[in-house]
Amino acid sequence: MNASILKVARIGHPVVRAVARPVPAGDITSRGFQRFVDDMVVTMHEYEGVGLAAPQVHVSLRVAVIEVRASDERSHAAVPLTVLVNPVVTPLGDERVHALEGCLSIPGLRGVVPRLERVRLEALDRDGRPYAAEASGFFARVIQHECDHLDGKVYLDRMDDMRTLSFLRELHRHGPDVEDPEH
Ligand code: NI
């Protein structure tokens, strides 16, 4: 795979706060779009992220990738590489869970974010085929985090107690035993 590592946009760059455009259906199988998906995957791997949304690499399109490797020491269930094109997320129930989140566009920080425990995801895959999935727990959390990026939102906007915002280094020194995913 001849893919490139892309530069990650951090908060303060307007692209992170823009509402991304849908990918035109006819573009999905194009060489350029396929190459872009490959670039997103290698960029996610390079930064050891569990997810990455296109606006985080300066491309204002409704695309995200998610992957939690089985070999990952983090205690979460593995999620196979999932490409989300023009995703739609629907709540399943109203149960919310609070957990720490980090973001590649806000490096080094973590905060406690309430998220829906269960969601339904509908999207196109990288070949333009529609799929649907029901997700819970960490996978559901990552889906909500990435799809927020497509609407110009970051996890800070979802926090209900800003006092939990912490530098990862300080959490390691003083806090609970935390994992370190950014996405
Ligand atoms: Ni993020």
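Visitor: Which residue in E3 is the bridge partner of Val 65?

Guide: That would be Val 83. Keep in mind that this is a predicted model, where local features need pLDDT of at least 70 and side-chain atom pairs count only at pLDDT 80 or more, while totals for chains, interfaces and linings use all residues. Residues are numbered from 1 along each chain as its sequence is written, and side-chain values use heavy atoms, leaving out hydrogens and water.

Visitor: What makes E2 and E3 a pair of strands?

Guide: The rule is that two strands pair if DSSP finds at least two bridges between them. Strand E2 (residues 63–68) and strand E3 (residues 79–91) are joined by five bridges, so they pass the test and pair. They run antiparallel. As for the names, strands (E, at least two residues) and helices (H or I, at least four) are DSSP runs, numbered from the N terminus.

Visitor: And how do you know that E3 and E6 pair too?

Guide: Five bridges link E3 with strand E6 (residues 118–124), again in the antiparallel sense. One of the matches is Pro 91 with Val 119 in E6.

Visitor: Why are E4 and E8 said to stand at the edges?

Guide: Three strands form an open sheet, ordered E4-E5-E8, with antiparallel pairing. E4 (96–101) and E8 (166–167) each have a single partner strand, so one side of each is left without a neighbour in the sheet. E4 is joined to E5 (residues 109–116) by six bridges, and Val 97 stands opposite Arg 115 in E5.

Visitor: What lies across E4 and E5?

Guide: Helix H3 (residues 137–150) does, running at about 105° to E5. Such angles run from 0 to 180 degrees between N-to-C directions, with axes fitted to C-alpha atoms, for helices over the stretch in contact.

Visitor: Why is His 149 called buried?

Guide: Buried means under 20% relative accessible area, exposed over 50%, and partly exposed in between (1.4 Å probe, protein chains only). His 149 has 1%, which is under 20%, so this residue counts as buried. His 149 is found in helix H3. Beyond its neighbours within four places in sequence, His 149 is in contact (heavy atoms within 4.5 Å) with several residues, among them Val 16, Cys 103 and His 183. Ala 53 is another of its contacts; the two C-alpha atoms are separated by 6.3 Å, though the residues are 96 apart along the chain.

Visitor: Then what makes Val 112 partly exposed?

Guide: Its relative accessibility is 22%, which falls between the two limits, so partly exposed is the label. Val 112 belongs to strand E5. Met 159 lies 47 residues away in sequence but 6.4 Å away in space, C-alpha to C-alpha.

Visitor: Why does Glu 48 count as exposed?

Guide: Glu 48 has a relative accessible area of 58%, and that is over 50%, so exposed fits. You'll find Glu 48 in the loop between helix H2 (31–46) and strand E1 (51–53). Glu 48 also has a positive phi of about 55° although it is not a glycine.

Visitor: What about His 58: which label does its 32% relative accessibility give?

Guide: With 32%, between the limits, His 58 counts as partly exposed. His 58 sits in the loop between E1 and E2, and its phi is positive as well, about 70°, although it is not a glycine.
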